[in-house]
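User: Hey, got a minute to walk through this model with me? I'd like to start with the backbone and then jump around a bit.

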Amino acid sequence: MKPITYSNSTRVRKARFVSYFQDGFAKVIIIIAWILIVAGVCAYLFANIKPASLFVGVGIVGLMFGFWLKWDLSDNPATYNKDISEIALDSLVSNDIVFLINDKQSPRQILSAILDSWQALFIFKRYQLVPAQLTTTLSDELVASQAVWNRAFLIAGQTPVKEISAGVLVVAMILENPKMAEWLGSHGMDIQDIIGGLMWEESLWQRVLKPKDRSQYGGIGRDWSAGFTPVLDQYGQNISLAIVEGNLDFSSVKRGHVLEQMLVNLNKQGRSNLAMVGEVGVGKTALVYSLAEKLIDGKGVLGNLKYRQVVQIDSGMLSAAIGQQASLEAIFNGILNDASRAGNIILYFDEAQLFFGSGSGEVDVASILLPALQSSNISLIASFTLDDWHKLNTVNPSLASLFVRVDIEPSDRDQTISILQDISINLEKKTNAIVTFKALQATYDLSERYLHNKAMPAKAIDLLSDSMNYPIEHYITEESVAKATEMITNTKVNQASAEEKVQLMNLEGLIHKRMINQSRAVQVVSDALRRSRAGVRNTNRPVGSFLFLGPTGVGKTELAKSLAATYFENENSMNRLDMSEYQSNGDVARLLASASKEDVGSSFLQKINQNPFSIVLLDEIEKAHPDILNLLLQMLDEGILTDTAGHKVSFKEAIIICTSNAGANEIRAQITAGKNLEDFEDEFINRLIDQNIFRAELINRFDELVLFRPLTKEELLQVANLIIGSVNEELQGKKVSITLTPAALAHLVELGYDPRLGARPMRRVISRLVENVVAKRLLSGELKPGSQLTLDINDLQGV
Amino acid sequence: MLMLFFEFITWWYGRGFTELFIKVGFYIKTIWRKFSVTALIRTMFDPWRRITTDTNKSLQGMGRAMVDNMVSRLVGFVVRLLTILSAVVCVVFIGVVSLIFIICWPLAPILVILSVAGIFL
């Protein structure tokens, strides 16, 4: 540990002195001083007022003081050197707190001295940490300060400002405090999380200390050597001028290396057209804005590109003008001529497929653009999704060859959080709520996991913006982000409530209120749901995937319905597909029909998109076309399907249940022969694979394969009771109820029992015998509201 | 307080004076940039806003295009020259004011004393 020293040095005295004056005081003093000097000189010389010379004297003193305050006292940076042998606080601590601390203070006294600093408050607020929580755990011993200062010295070396600020000190105190380590752990954070919050504060502090000088933009003669662009002005938006006029800042784009690559390629002789290729939401447009900002700023830009302006062509405006004002060819030639003659224009085509007819094709200018790009000096930037770029390469390779491809990858976790940090400051101004550091982490994590229609960072930015609508006591926390995610995705993200936990723990019992037996199937499904809500699962695959095998009428579909009704509130939260309707190769397109919310209709994928936390029931999958089963492999393995429009649809929050009657006769035969399911399960599955009913890779992808056995007569009696119960529920509106004697129930079982059809005939029998009797008696007036009807075997035999 | 006063005096005749020169340089450079002087000199004889006439094959057409282009260059030259001259005037003005400031800077304490004495003169 390095020893600590402190002296009341010049820097400390200056810092203390300047602390008596507010920001901007120096400016006011200088202005008043100038007024006094000018007024004094005028009064002395022209009106011969002798005492006015005192004004001049006071003015000069004011001016001297003002300059000292502005140029020296307020600009008193710390000097950091990592190789020093001792930590001299007076030279290492930031100017705003250096006069408040000394080497005779305990950690608690240090915190008390710096508590009002905005940097300390920033750390407390971003971690929702009450200052008293830290203060009460800090030592009152002077000796404990040494560790804090040493830690602060090391942390300061990692910050961009390189000084021990109040923020650095608070973080050092947290990290050097064993009790705070517990606090960190209980909030799911580690050292890197705390350092991350500090970096956020320090980068803001750096911007306060060194604001960007953006006053130049090339000066008044910047565009005098460039031509006028009347047509371009009509159909394009000059991004560069918008940046100059709005003083916009795109420093949060954070893709320095891509920007450099763009500059290098634009500066190349010959092919200086860029194709920015990346998924929707990776920040292609933001990068072009950032490039425009850099070019118009001119700093660090080569002469050829300096002050070039980026003009975005509006495809909507173009298509609206076609026919009304001129032909597409005339307008577009006008645009290209303007750009070529001006000499300082870079054209930007956002969503370029709209121009090149390789996508939905609002306008097709490819044939006009190709010769223009080949022969003139126009520079062009076009943004494409990966699919659109491939399409252009296929449809029009000559045009594609004129572009240099620049791949834009989604931002990684650190980059995204850094972008969110910059954006959150602006969002906070609008909503008056403070975004916590954990909320930013949750924004990245949840958007990565649940949002699939855009890439990073756009999806995280969207989620954070939505989260601002759910403040919790003026804070945007991880709960706010989870709530926003739930609203967007219809998924359960927040932790299970006490009521839900009870429901989850008793799920089997609740399902068995509707289901008879099939305990293993009920259990595997319940377990999957519990794992999901407890967060103990692989989040890159569906919550659970099951193949239910067995004869018809044994409860395979009923289990899915029961789960939907019990846990997912109603049976409608189940998305069911009858795979016998997908037997041909052409049905693949139907299955993958667009999932976009804008598209009319409700395709299977659209339903999943709107309700990802649901049960997906694929009935009779053995009847589906092999190509459909191949899609199923992807769905089970990666939890993602891509629709025909290229949108990704996630099944990672869904429980996928596939049912099949394949081998039903064999199951029935084995059970009839007295075997248990477990005895022949493996052999049975192998036979299904050998007979080519299912491919081994499909079977392997399911979490569980569950064999359903045929119902016995005893179980069918219970089914009959359940059905009678549901009939009574329907009769509640008539204020009547029915009961059946044991003999009547036994009669129903005899009539409804068919080993080939399971429980299905039972519903028909009850409908035919019981419901018909009740209907007749209601109509004849025998059965009055408020009465109870008991049916015996005789009542049923006459029907 | 006395210490601070000495520190002020030390700064005024030391780093403060140096800072004054840096600021003067900064202001002159800013004016130079605001008027785009370097770019204007480089493109002094370029046509104004690239307004040019294409030549055609006839002698009359060529002559006319030449005159048009000459006029465009002349307009460009005049506008640029006037702008550069304005920049030079501003720089000279700043230079003169700065020179007065530079001369007065070390004399400031004396000027204070003189201004107090001025009441009685």
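Analyst: Here is a run through the backbone, a sheet, the chain contact and a single arginine.

Analyst: It's a predicted model, so local features need pLDDT of at least 70 and side-chain atom pairs count only at pLDDT 80 or more, while totals for chains, interfaces and linings use all residues. Residues are numbered from 1 along each chain as its sequence is written, chains are lettered from A and ligands numbered from 1 in the order in which they are written, and side-chain values use heavy atoms, with hydrogens and water left out.

User: Cool. Is the peptide bond from A:M456 to A:P457 cis or trans?

Analyst: That bond is cis, with omega near 10°. A:P457 is in the loop between α23 (437–450) and α24 (458–467) of chain A. Helices here are DSSP runs of H or I with at least four residues, strands are runs of E with at least two, and both are numbered from the N terminus.

User: Why would anyone flag that, or a positive phi?

Analyst: Because most peptide bonds are trans, and most residues other than glycine have a negative phi.

User: OK, what's phi for A:Y307?

Analyst: Phi of A:Y307 is near 65°, a positive value in a non-glycine residue. A:Y307 sits in the loop between α15 (284–297) and β5 (309–313) of chain A. Its relative accessible area is 23%, so A:Y307 is partly exposed. Buried means under 20%, exposed over 50%, and partly exposed in between, using a 1.4 Å probe and protein chains only.

User: And where is A:N490?

Analyst: A:N490 is in the loop between α25 (478–489) and α26 (498–505) of chain A. Phi there is positive too, near 60°, and A:N490 counts as partly exposed at 44% relative accessibility.

User: Switching topic: what's the strand order in the open sheet of 5 strands in chain A?

Analyst: The order is β12-β13-β16-β11-β17, with parallel pairing. β12 (574–578) and β17 (704–707) are at the edges with a single partner strand each, so one side of each has no neighbour in the sheet. Two strands pair if DSSP finds at least two bridges between them.

User: How many bridges between β13 and β16?

Analyst: There are 4 bridges, in the parallel sense, joining β13 (residues 615–619) and β16 (residues 655–660) of chain A. One of the pairs is A:I615 with A:I655 as its bridge partner in β16(A).

User: What about the contact between chain B and chain A, how many residues from each?

Analyst: Chain B gives 39 residues and chain A gives 37, where contact means heavy atoms within 4.5 Å. About 3300 Å² is buried between them, and carbon and sulfur atoms give 66% of that. Buried area is the accessible area (1.4 Å probe) that two parts lose on being put together, summed over both.

User: How many salt bridges between the two chains?

Analyst: The count is 2, a salt bridge being a side-chain nitrogen of Lys or Arg within 4 Å of a carboxyl oxygen of Asp or Glu. B:R15 forms a salt bridge with A:D72, with the closest N and O atoms 2.7 Å apart. On the side of chain B that touches chain A, the elements giving two or more residues are α1 (2–13), α2 (15–34) and α4 (59–117). α4(B) gives the most, with 11 residues.

User: Last one: is A:R530 buried or exposed?

Analyst: A:R530 is buried, with a relative accessible area of 19%. A:R530 is in helix α28 (residues 519–534) of chain A. Leaving out residues up to four places away in sequence, A:R530 touches A:L504, A:M505, A:L507 and A:E508.
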